[in-house]
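Hi,

Here is the structure I promised to pass on. Have a look, and my notes on what turned up follow below.

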Amino acid sequence: MFLGRIRRSASAPVELVALRGGALVSLADLGTDDPVALLNSYGLDRLTEEVSRRRPVLDEADVLFEPPVATCTKICCLALNYVAHAEESGMQVPPEPVLFFKPPSALTGHNQPVVAPARTGHLEHEVELAVVIGKVTRDLPAERWSEAVAGYTVLNDMTARDLQLANIARNVPWDQSKGFDTFAPAGPYLATVDEVPDPQSLDLTLEVDGEVRQRANTKQMVFGIPRLIEDLSDGMTLMPGDLIATGTVAGIAPLKDGDTMRATVAGVGTLVNTVKFRSA
């Protein structure tokens, strides 16, 4: 099942929907716009039955997409989790997972613009598989990793590369270069676990105006999802709706104003966003 959060117009309330057969089924009468909360209250089987009884009523082209999670306390991001990306960045593959955070305010939805602030002139894309946490999770061993997962989505880890490299050269944190508003586009949907039987065998691609720039498979992760959940939940509570962005692949490159990015994770979805640079 694919669950999304949409508005029928810019002034309309957020509405929960399910994608079926290329059209959208409204779930607005179920009393929440939070797909993770709904999955937890209904359960996947019961919710699937509920969706199957309803007629599709909306077209994807006629709605505005919100991020696929309603509540998110943190976006946990992994750096250098693919060997080829580490090599193109001139860095060594880390012996342990390297974590940084994006704030929830960086989230934006499918078909929404990514707006670069005036302080940067060098924006780059990073397609990633994101894990959506489904329950309060702490100190979870790797062999029980699936207990924490509500589903998956596509995330494009936008980076102001000039600011990041300047901060790395100064040996200071570079989270700001990753955390501006709209720098965590995600979606279009939350794909539930039944749609993704093996998250470690998914093709990732990113196209810019039709040019393929990034292509790899999640099996190439240095640290797989079980290890990441074990490591991140060791002493830190993961909350329902939190996202784990599992790292990007080789092929990062600069963007220009007006570029349209198509970030795809096979079986999960295609996230489309257009770049806008804000003049100083």
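I'll start on the outside: Met91, Leu165 and Ile168 make a nonpolar surface patch of about 240 Å². Keep in mind as you look at it that this is a predicted model. One of the three, Ile168, sits in helix 4, which covers residues 161–169. Ile168 counts as partly exposed because its relative accessibility is 32%, and partly exposed here covers the range between 20% and 50%.

Now for the inside. In soluble globular proteins, nonpolar side chains tend to be buried together. In this model, the largest nonpolar core has 51 residues. Which of them touch the most other members? Those are Leu123, Leu129, Tyr152, Ile244 and Val268. There is also a second core, separate from that one, with 31 residues. Val69, Ile75, Leu107 and Ala150 are among its members.

On to the charged side chains. The structure has 18 salt bridges, and a few of them are worth pulling up on screen.

- Arg53 and Glu50: the closest N and O atoms of this salt bridge are 2.7 Å apart. The two partners sit in contrasting settings, since Arg53 is exposed at 59% relative accessibility, whereas Glu50 is buried, with a relative accessible area of 16%.

- Glu147 and Lys135: these side chains form a salt bridge with an N to O distance of 3.7 Å. Both residues lie in the loop between strand 11 (127–133) and strand 12 (149–156), so the pair ties together parts that are twelve residues apart in sequence. Glu147 is partly exposed at 35% relative accessibility, and Lys135 is partly exposed as well, at 36%.

- Arg138 and Asp139: here the closest N and O atoms of the salt bridge are 3.4 Å apart. Asp139 has a relative accessible area of 46%, so it counts as partly exposed; the cut-off for exposed is over 50%.

Last one for the charged residues: which residues are linked in a network of salt bridges? Lys102, Glu124, Glu126, Asp157, Arg161 and Lys178 are.

If you want a place to begin, bring up the patch made by Met91, Leu165 and Ile168, then go to the core that includes Leu123 and Tyr152, and finish with the network that links Lys102 and Arg161 with Glu124, Glu126, Asp157 and Lys178.

Cheers

How values were computed:
Residues numbered from 1 in each chain as written. Predicted model: local features only at pLDDT ≥ 70, side-chain atom pairs only at ≥ 80, totals over all residues. Heavy atoms only, no water. Core = buried A, V, L, I, M, F, W, Y, C linked by side-chain atoms within 4.5 Å. Buried < 20%, exposed > 50% of the residue type's maximum accessible area, 1.4 Å probe, protein only. Patch = residues over 30% accessible without salt bridge, like charges linked within 9 Å, V, L, I, M, F, W, Y side chains within 5 Å. Areas by Shrake-Rupley, 256 points an atom, 1.4 Å probe, with all protein chains shown as cover. Salt bridge = Lys/Arg side-chain N within 4 Å of Asp/Glu carboxyl O. Helix = DSSP H or I, 4+ residues; strand = E, 2+ residues; numbered from the N terminus.
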